[in-house]
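Work through the exercises below with the sequence and the model in view. Each task is followed by a solution in steps.

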Amino acid sequence: MTESGNGSRPAADADPRSRIRGRDVFILGAGFSKAVAAEMPTMSELGAEVRARLADNANLASAIPASMGDNIELWMTYLSQPQPWLREPDIDLHRSLGGRIRLAIADIIEERTELASASDAPSWLRQLVMAWHLRQATIITLNYDTLVERVARDLKVSEKQGPFHPTDLYPPYFANVASRSGAGLWGGEDPHTFRLLKLHGSVNWHYSGRENFHGETIFFSDVPEFGPAADEARRDAMTRRLRDMAADKETLLIPPVAEKTTYFSNETVRALWKDASAALRNAAALHVVGYSLPMSDLGMQFFLAGNSPDADAPVHVVDINTGVPDRFREFLKSADVRDGYVGMEDPVVLFAGDYAASAME
């Protein structure tokens, strides 16, 4: 292990700039959004907030074993499965509770995202997103928030290119919700920028809310840019208009459960994961930023084990927890897992600065 944990930059002979080359793939976790803004919750904070919001729901308190604490991944896994000792009415109640938790998660993430983006985006985030654009990287994110999209909405690359809308960043098999109103759509040509693959859904994605949504179109809506609410009326009007277009829809959040097969029956969701797997297998380098690969996330464990990058593609782990690199070494057996940005203060900010500098060279 390198000098992780001492709060300093990697040593000169391990200069990260010499190791960040080519078309890159990123995996972003809650630690990335937390680095953007303190308002964004970690998974444990999200569980505590959901519990507080649903404190009046006696069924929730009785349904979730106390031993699960605020581990929302365990909650959702437990509630989503038809436990064999339960009666049918209790199984239905568990499904209903799971739905209420998803709605609470969506509300919390939307509220926190609005707070986080009420001021200008951090300079390091803007630089990182610009570097993604220059490298045309693939960004695999497990976060529900729209922080990346909001930065891209304000990213001016040149007189002819930018800012970027979700249409430019999402795969082409998603549908713009504005198409439901007959309004003209932005975009058209390939923007030649980074691709954003949100494996767990997003607060601006919309679907029927049915348990089985096989063959169903998944819509997305636009998001406002970062910055002070100088034009708050315009932003509010846009939000209301987009919500009216999706009034009959629910937010598509693929919950943080150990088993996600019911969601994988939809072709668009499956295509999203297939694109991510192809990107991962062909990555020139993999950067895991703020994602600890928890034991409860079996889906990601299987995904990584089955789609490991080539042995010559370095895997850079960026995290405050010094134990995270060993987790990735366990599931990426032949990978060169590096820990030059682990255990220090503000590793995401430090990494972003170095990565952006390397992209400009």
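**Exercise 1.** Find what covers the buried residues of helix H6 (residues 123-135).

Solution. Helices are DSSP runs of H or I with at least four residues, strands are runs of E with at least two, and both are numbered from the N terminus. The model is predicted, so local features need pLDDT of at least 70 and side-chain atom pairs count only at pLDDT 80 or more, while totals for chains, interfaces and linings use all residues. Residues are numbered from 1 along each chain as its sequence is written, and side-chain values use heavy atoms, with hydrogens and water left out.

Step 1: list the buried residues, meaning those under 20% relative accessible area (exposed is over 50%, partly exposed in between; 1.4 Å probe, protein chains only). In H6 these are Trp124, Leu125, Leu128, Val129, Met130, Ala131, Trp132, His133 and Arg135.

Step 2: look for contacts, that is, heavy atoms within 4.5 Å. The cover includes strands S1 (24-28) and S2 (138-141), together with helices H1 (30-36), H7 (147-152) and H13 (347-360).

Step 3: check the length. The 13 residues of H6 reach 18 Å from first C-alpha to last, close to the 18 Å expected at 1.5 Å a residue; the expected span is 1.5 Å times one less than the number of residues. After H6 comes Gln136, with a positive phi near 50°.

**Exercise 2.** Give the strand order of the open sheet of six strands, and state which strands stand at its edges.

Solution. Step 1: two strands pair if DSSP finds at least two bridges between them. The order is S4-S2-S1-S8-S9-S10, and the pairing is parallel.

Step 2: the edges are S4 (195-198) and S10 (336-342), each with a single partner strand, so one side of each has no neighbour in the sheet. On average, neighbouring strands of this sheet are turned by 20° against each other, direction ignored; the axes are lines fitted to C-alpha atoms, for helices over the stretch in contact, and angles run from 0 to 180 degrees between N-to-C directions.

Step 3: take one pair. S2 and S4 run parallel and are joined by four bridges, and Thr141 stands opposite Lys198 in S4.

**Exercise 3.** Describe the surroundings of strand S5 (residues 201-207).

Solution. Step 1: place S5 in its sheet. The open sheet of four strands has the order S3-S6-S5-S7 and mixed pairing. S3 (175-176) and S7 (250-253) are the edge strands with a single partner each, so one side of each lacks a neighbour in the sheet.

Step 2: follow the bridges. S5 pairs with S6 (residues 219-220) in the antiparallel sense over two bridges; His206 stands opposite Phe219, and Trp205 has Phe220 as its bridge partner. S5 and S7 are also antiparallel, over three bridges, and Tyr207 is partnered by Glu250 in S7.

Step 3: consider burial. Seven of the seven residues of S5 are buried, so S5 is largely enclosed by the rest of the structure. Helix H5 (residues 88-116) lies across S5 and S7, at about 90° to S7.

**Exercise 4.** How many helices and strands does the protein have, and what percentage of its residues is buried?

Solution. Step 1: the secondary structure comes to 13 helices and ten strands. Step 2: of the 361 residues, 53% are buried. Step 3: among contacts with a separation of 6 or more, 78% are between residues 24 or more positions apart.
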